[in-house]
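Here are my notes from going through the model you sent. Have the viewer open as you read.

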Amino acid sequence: MASARPRPPPDPVAVLRGHRAAVMDVSFHPSRSLLFSGASDGELRVWDTVRHRTIFSTWAHSGAAGVYSVATNAALGNRIISQGRDGSCKCWEIEEAGLSRKPLFTIRTNSYHFCKVSLTKTPKSVQTDGGDSTEVVNLMALPGEDPSQVELWDLTAVKRVMSLPQNCNLNLAGQTSNQRGMCMAIQAFYTYETQVLNLLSGYEDGSMLWWDLRKPEAPVSSVKFHSEAVLSVAIDGLCNGGISGGADNKIFMVALDQQKSVCTVRKEIELERPGIAGTAIRPDNKIAASAGWDHRLRVYNYRKGNDLALLKYHSGSCNAVTFSDDCRQMASCSEDTTVALWELYPPKDRI
Amino acid sequence: MENGDDATSSANKAMNDKERTELENLALQKVAEVSSAIDAARHVDEVICALHSLAVLIFSVDSSIVSGAVDQRFKDQILSAKCAADSERGSFRNNFYYGSAFPTMARLLLFEVVPNWLTQFPKSVRSQIYDPFFLEGPSIGVLEELIPILNKKGSDKDPVHDKICSSVERLLVLCYLKKEGIRRMVIEFDLVEKQKGVAVKKDDKNSVSRAAQLLASIPDKIRPQASSKLSSFSFFKEATIQLIAGAEEKSMQLPSVCDAIEKDSSQNYAIFFVGETFSRIIRRGSTDIVVSEMVPRIYDLVKSLLSSYSNASLPSVMESTPKFWFWLSLVETMRDQYSIERLAEGILRQLASRAVTDTEAYWILWLLFNRSYNHTVTIRAMFVDKFILWKVFPVSCLRWILQCSVFEVAPTMEGDVKWQKPPHFVDTLQHLVSIWSKREFVQSSSVEQQAYLTAAVGLCLEKMSKQELETAKDVLSLILQGVSCRLESPIDLVRKMASAIALTFSKAVDPKNPLYLDDNHSDVVDWEFEVLTQKKVIITTSSRKQFINKPKTPLPEKSRENLGDKETQKSILIEEISDKGVEDDEKDHDSDSSSDSSLEPYDLSDDDSDLNKTFTQLADIVAALRKPDDPDGVERALDATEKLVRASPDELHHNSSDIVRALVHVRCADVAAEEEEESSEEKRHKALVSLLVTCPFESLDVVTKLLYSSSVDISQRILIIDVMTEAALELSETKIITKEQQRKGNLITSTSQPWFRPGDRGPVGAGPWREVSGPGTSMLQNWSHQYERELPSRPGQRKLGKTRKWSVANSKDLQQEWSKNRFPMYAAAFMLPAMQGFDKKRHGVDLLNRDFVVLGKLIYMLGVCMKCMAMHPEASALAPALLDMIRSRDVSHHPEAYVRRSVLFAASCILVALHPSYVASALIEGNQDISTGLEWIRIYSLHVAESDSDTECASMAMNCLQLHSEIALETSRALESADRMKAQLRTLPSKLDNIIIPFANMN
């Protein structure tokens, strides 16, 4: 077994072509076989992941602004959030034949930055146990007008709820936040045990803050693993660990200890070439993936941290990678205007 | 007291005078007696007796020895001879030697005794009664008697004169070398003064210098067959040793240094005599002998003082120690400027070869030259002007010269001890810098001279402070001017000099912020510049290499170790953590753990080939090169260009001019990252070469137009020329390998005959092939089949009885490989446009003056082109044009050595490229261009070899002359053979008369 030569890395099962500009972000529909992708020319596309066809296309954020991020969530149900470079986020209804003509609502955030919007992530068990998803407040996190500040918006009420660090102690925290620079990556999540909304944010100087929204005055923990800007943060399905990538040549797998409120490095992965634009962890916590500026996708064993695959398909720098909720598919998008669909280590079917 | 002495002495003198005349008469009378006795002598013993009778009056003679050697009848006479008492003898001797008696006697001895009797003297007798006449006398007087005899020119065959001369030479060796007569002479000059009255007439300088002249002339006057001890080398060596010994002894006797130096050194004849003799020896070209004897003595003296005294007290100590007095005043007493200069030079070189320390050398020079340096303008000029501006010494000597003459302070170990700068210091520096900064100096003086003056300026600058530099007028601007005109030079060493001065200057202005103009900066400037001392350079470079190597090797190892340690520590930590995590996970999710094994990694090998987007279209390359705002794209385009061009796609001819233009204009420096600039520059270079090679005409058209266009700068012009040079070289070496020709036989198709049998082609009537077995081989081992057949003879062919043989082995010859020089057909396109307009001055183009580097490169390129088409007819066509260009006065006599070098190179290339037969035919046809051009090359190289200041130029000119003589020889051979052929043709039968023979119409 050991002596056998490793298998060659797989090719994408499908390549979705159609965008005319760099694809900035992709997102799977939580339950249906749909994929949403946004390109830098402002086009938002809906793809059928079975037939590999474009179902629908719209100019979501027109002009030079472009779509920067698309986000879906089980809690959001049949809706999708698109974030544009025009300082607004739009919420669209997913209909049978695509998206609604007009967005359900538009949020003027007036923020212009490099951070993708984050919806709250709920631990898997909670999601499956509960069903009383109404109790969970649907929140969206993104940096505000001051890009060093994180704002939280209530998506049902369509209003801003909170900003971190809070304005009241701006003098105190403002200084520190200015030192950290812009917020570059956000992930909001509910903790596994306490069901409290937490938030992990990465900054320009490489530091990451862990906020507990019950105590918005100060972060629970502040760590600095990266030597350059943090570009993406992903939280695992159990919401007690994650992975971060940055502009330096390192990927960190971190563990979040809820009791002690400490964030520790679980595994440090050094790369040949710097720049990780996107990271994702499969909901079953088996594997994690990163999208690199070097045109490559990397797949890791999330638990052990070892390399599993190096996927070379894209011919431009990769912008985002994501897994479907059923863990069967992975999608990546790149500057080369393509979206690639992959099927890696499919989970065994259980009854 | 002195007056009293004088009074008594004058009284004594009057008395002595009377007494002396009496004694002198007596002496003369005695001599006359001896003379008449000798004249009358029939037997040698009579002569001995006569001499003995006089000898006993002058010095003590062991009569028994003399009497033992003579006949019985004379024995009594000798033994009975009256021996004078010591006191009597003393006064008689004085009168004998200092009066007219001795010269008479000497003549008598030499002219009468020597030829007739001396050979019959037994040796013992000779040493008793003949030699002492000369040995006991005053060395100066004896010398004055002996030397003139050597002067007399007897005929060579005259045996009498020969005898006399050899006797004189023997006496010279005896008196002056064996018995240290020269040392005695030095001391005698003192005695002369004390010999009241007798020798007073010798107390003038002229007589002293006459004595010196006589002494120094001995080696010139002796006969060739004289003893080797009198040869100039050994005689001057011995003389120097004795002179120094005598002078030192003499100065010990002086009451104080004042007597030796201060009051009237002119009165001190002893030292004056030594100085005079030295200068005469030096004038005769034996400086080295004097110096090699002087230096060790002074060195020992100075060294003995240095250990015990400080620098400040040394001058007074030296002046109060008698041993040093002679040395202090020696140079001052020398009147001959030339010999002083040679002496100083010799001492400097000697000290340099002995590797003495700076302090020792300084004090040695101080001891010898300080007095005259302070008092005499010419000596100061010699040091400050001649030794710094005209001569080239090793750098260590330069340091000493500067210490003595410019800094005027002893070198100290501490270095930055503040010292009062002498008033001349700034003036001298200004003077040096003003010469150093002149462009003419850079252009016209030799490299060694430049390095030397640069070192002098640099060493002076090191002593300057910021304020002084600012106040000294013109120094700042002159240094700037000198540095900038050197930095423009194409010669590396000259640029190095500029950066050395710039570094020193910047250190003087701001020690914390040194200015490094070149990449390999070291804090310590090497003033030798690898030309001033050959030997030391080797040592320093090797040590420097070691110095560089040493710290480099251990450091990375260490850091690697450290790094390794850290890494292992970290990884251990991480492993521990991750192990823990895994365990926890496994406990929590037992069910999942099994599926972990399904996560088998894929092949993780990676290469970055895909990251570099490759260009596949020439048009893309042009587009990418024109986008200076996309450095990556330009870089990648540069990477791809050469490969694409070499593939020579069909569209290359349409695109080549665009690519060439884009490549020339692209700015690598802006594009590439700091350390990669070199490589991208190289790629651009290679790409251009490939273009010029693959489609020469199109590319050359663009390139030659750009060469003189005002839109490109110097670096681009140089690039163009470099690229053309390389392309020419490549074209001339192109290999064309012909495809292996198809074998005639077919391996597969079955025909009536086997594949290895030769085909049936051939003339009609050829017989069938028969197999021939090779000699001595069985059929099985015979791998090569041989066949033969009979061929019908061609009409008109005589039958020589040969058959053609075919075999498989022959097919090898079908694969041929030869290299073909493709350059000649493009040569005109390379050279003619480039030669047009080199002398035109346009906006941004000024090859003859400002951009002389381009001109030099251009001529070099043209030379390479000539070389590339050597022996081809095109060379003969293009050579006149090139000759025309380099012959123009602006080019061939360009002030910059760099241009002259390339002219010489091009001239040599022309000589190499021309075929002798072409030269011969040109001569016969009277082609003026070639013959005058070649003659010009000869005259020009002769001129350069003789008078060029640049050594490189001179040696190149020598090579060129050699090539010229070779081609002249070849041509004359060609002419001879042409003549012979003509002559042969005349004798040939009339049948050949209708063939047109070249040169036949020339007579």
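The points below go through chain A and then chain B.

1. One thing to keep in mind throughout: this is a predicted model. Everything below is computed from it.

2. Chain A overall. You'll be looking at strands for the most part here, with 29 strands and 2 helices in chain A. Of its 351 residues, 61% are buried. Take the contacts in chain A with a separation of 6 or more, and 47% of them join residues 24 or more positions apart. The accessible surface of chain A adds up to about 14,300 Å², and carbon and sulfur atoms account for 48% of that.

3. A:Leu34. Find this one in strand β3 of chain A, residues 34-39. Is A:Leu34 buried or exposed? With a relative accessible area of 7%, A:Leu34 counts as buried, because the cut-off for buried is under 20%. Setting aside neighbours within four places in sequence, its contacts include A:Phe28, A:Val46, A:Trp47, A:Ile55 and A:Ile94, and also A:Ser27, A:His29 and A:Thr49. While you're there, check A:Val50: that residue is 16 residues along the chain from A:Leu34, with 8.3 Å between the C-alpha atoms.

4. Arginines over rings in chain A. Two spots to click on. A:Arg266 lies over the face of A:Tyr302, 4.8 Å from the ring centre. At the other, A:Arg180 has its charged end over the ring of A:Tyr203, 5.8 Å from the centre.

5. Aromatics, ending up in chain B. Searching the whole structure turns up 18 aromatic pairs over all chains. One of them is B:Phe383 with B:Phe387, an edge-to-face pair with 5.4 Å centre to centre and 75° between the planes. Both residues belong to helix α20 of chain B (residues 377-390), where they are 4 residues apart, or about one turn of the helix. B:Phe383 is buried at 2% relative accessible area, and B:Phe387 is buried too, at 0%. Zoom out a little and ring pairs link these two with B:Phe369, B:Tyr373, B:Phe393 and B:Tyr452 in a cluster.

6. A nonpolar patch on chain B. Which residues form it? B:Leu487, B:Leu515 and B:Leu517 do, on the surface, with about 230 Å² of accessible area together. B:Leu515 is in the loop between α27 (492-509) and α28 (534-552). Its relative accessible area is 40%, so B:Leu515 is classed as partly exposed, since exposed would need over 50%.

Notes
Residues are numbered from 1 along each chain as its sequence is written. Chains are lettered from A and ligands numbered from 1 in the order in which they are written. This is a predicted model: local features need pLDDT of at least 70, side-chain atom pairs count only at pLDDT 80 or more; totals for chains, interfaces and linings use all residues. Side-chain values use heavy atoms; hydrogens and water are left out. Patches are made of residues with over 30% relative accessible area and no salt bridge: like charges are joined within 9 Å, nonpolar side chains (Val, Leu, Ile, Met, Phe, Trp, Tyr) within 5 Å. Accessible areas come from the Shrake-Rupley method with a 1.4 Å probe; for residues, only the protein chains shown count as cover. A salt bridge is a side-chain nitrogen of Lys or Arg within 4 Å of a carboxyl oxygen of Asp or Glu. Buried means under 20% relative accessible area, exposed over 50%, partly exposed in between (1.4 Å probe, protein chains only). Rings of Phe, Tyr and Trp (its six-membered ring) pair if their centres lie within 6.5 Å; planes under 30 degrees apart count as stacked, over 60 as edge-to-face and the rest as tilted. A charge sits over a ring if NZ of Lys or CZ of Arg is within 6 Å of the ring centre and within 35 degrees of the ring normal. Contact means heavy atoms within 4.5 Å.
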